[in-house]
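Biologist: Could you walk me through this model at my own pace? I would like to ask about cysteines, loops and helices.

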Amino acid sequence: MDCFALDREQWRAWAAARGLPAFRGQQIHAAVQSGRARRFADVRSLPATLRAALDDELVLAPADEALRRESRDGTIKSLLRLHDGERVECVAIPTAERHTVCVSTQAGCAIGCSFCASGAGGLRRDLSAGEMVFQVLHHQRRRPVTNVVFMGSGEPFLNYDALLRCIAVLGDSAGLGLGRRRLTVSTVGVRDRIRAFAHDEPQVNLAVSLHAVDDATRTALIPANRRWPLAAIRSALRDYSKVSGRRVTLEYCLIAGVNTAPEQAAALARWARSLGALINLIRYNAGGAGGHRAPDDATVAAFVEAVEAAGGKATLRASRGADIAGACGELSGG
């Protein structure tokens with residue numbers, strides 16, 4: 001059983017099904033959600049016989065930290081070794097006001113974006129909901145987590161059911177109690193799942209990894225654009241906004257000589273305006289794949305100016321954790 005994928009009521013039901021008082025389920029839930037105990041034997045609030053039985057039946061710690069690196073800017077990257085020996089990375093990004101955890105949803109990635117290290121070795125397997133929740137709890141032990149972004153390794157919408165279960169657990173008021181508005185899912189543009197997400201989790205923030213607004217450039221950067229081209233994505237996003245009433249964020253990685261021309265900035269602004277979307281810009285990080293380069297400051301400034309001149313609303317996001325290969329596009333599970 002995936003211990004970290006159960007909320008409090010499910011643990012109460014689990015206890016009742018075994019003839020235990022419901023409050024025992026609550027105690028087990030509290031122990032799991034604390035993320036501190038490695039074995040049920042360490043949970044002293046439970047009777048010794050129950051602790052032993054739980055350790056025989058369940059795995060309390062689905063992962064161990066194999067490596068931890070801390071950036072000069074305070075970002076922390078943890079390499080977690082999962083129960084089957086698979087490895088996956090998660091990143092904690094602290095600021096004065098927030099403590100954001102970037103969660104991986106898959107070990108590796110099947111999308112194969114040319115600028116991202118996560119897909120270099122292909123997809124190895126999906127993560128369980130509990131393995132996703134554990135990444136948050138792992139960093140929660142150091143400082144309360146305020147925000148979660150599903151932007152690590154993997155395409156969240158290709159592990160959809162586990163993603164929804166993880167969101168439900170993170171949003172359980174009896175556990176971490178993170179409001180849906182503090183959760184963000186980033187997708188490359190899985191059309192049918194975008195539409196489904198508007199019904200399933202309308203309060204969770206949605207971001208789309210766009211990176212180009214012409215199909216030729218986007219396909220060169222993201223081969224999956226052949227399956228989900230820009231017109232299909234835009235149609236799905238319009239439906240998403242109608243159902244959810246939420247504004248989408250378009251993510252755009254600035255890559256020198258590829259997608260930074262002023263006319264591309266103006267086209268991006270028009271694309272965003274057609275959806276009422278926000279634009280989130282970030283420079284290419286050197287630890288990504290493909291041998292690309294980040295644009296210089298003058299090019300970035302000109303791009304932002306061109307976006308705004310065309311009526312777009314853009315934010316230039318600073319990279320965090322680049323010196324530990326923990327920035328966007330740099331997670332590789334190694």
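Biologist: Let's begin with sulfur. Which cysteine sulfur is closest to that of Cys3?

Modeller: Happy to help, and please keep in mind that this is a predicted model, where local features need pLDDT of at least 70, side-chain atom pairs count only at pLDDT 80 or more, and totals for chains, interfaces and linings use all residues. Residues are numbered from 1 along each chain as its sequence is written, and side-chain values use heavy atoms, with hydrogens and water left out. For Cys3 the distance to the closest cysteine sulfur is 15 Å, too far for a bond, since a disulfide is a pair of cysteine sulfur atoms within 2.5 Å. That closest sulfur belongs to Cys166.

Biologist: How many disulfides does a search of the whole structure find?

Modeller: Take Cys116 as another case: its sulfur is 6.0 Å from the closest cysteine sulfur, in Cys113, and that is too far for a bond. Searching the whole structure for disulfides gives a count of 0.

Biologist: Is Cys3 buried or exposed?

Modeller: Buried means under 20% relative accessible area, exposed over 50%, and partly exposed in between, using a 1.4 Å probe and protein chains only. Cys3 has a relative accessible area of 2%, so the residue is buried.

Biologist: Cys166 came up earlier. Which residues of α5 are buried?

Modeller: Helices here are DSSP runs of H or I with at least four residues, strands are E runs of at least two, and both are numbered from the N terminus. Helix α5 covers residues 160–170 and is mostly covered, with 8 of its 11 residues buried. Those buried residues pack against α2, α4, β7 (147–150), β8 (183–187) and α6 (191–200). They are Tyr160, Ala162, Leu163, Leu164, Cys166, Ile167, Val169 and Leu170.

Biologist: Where is Leu127, and which residues does Leu127 touch?

Modeller: Leu127 sits in the loop between β6 (123–126) and α4 (129–140), and at 2% relative accessibility it counts as buried. Its C-alpha atom is separated by 8.1 Å from that of Ser104, 23 residues apart along the chain. Contact means heavy atoms within 4.5 Å. Leaving out residues up to four places away in sequence, Leu127 touches Leu82, Val88, Ser104, Thr105, Gln106, Ala107, Met132, Gln135, Asn159 and Ala162.

Biologist: What is the phi of His211, and is that residue buried or exposed?

Modeller: His211 lies in the loop between β9 (205–209) and α7 (215–221). Although His211 is not a glycine, its phi is positive, at about 70°. With 6% relative accessibility, His211 counts as buried.

Biologist: How do the axes of α1 and α2 cross?

Modeller: Axes are lines fitted to C-alpha atoms, for helices over the stretch in contact, and angles run from 0 to 180 degrees between N-to-C directions. The axes of α1 (residues 8–17) and α2 (residues 22–34) come within 7 Å and cross at roughly 130°. Angles under 35 degrees count as roughly parallel, over 145 as roughly antiparallel, 65 to 115 as roughly perpendicular and the rest as oblique. That makes α1, relative to α2, oblique.

Biologist: And what is the relation of α6 and α8 to each other?

Modeller: The axes of α6 and helix α8 (residues 230–244) come within 8 Å, crossing at roughly 5°. The two helices are therefore roughly parallel.
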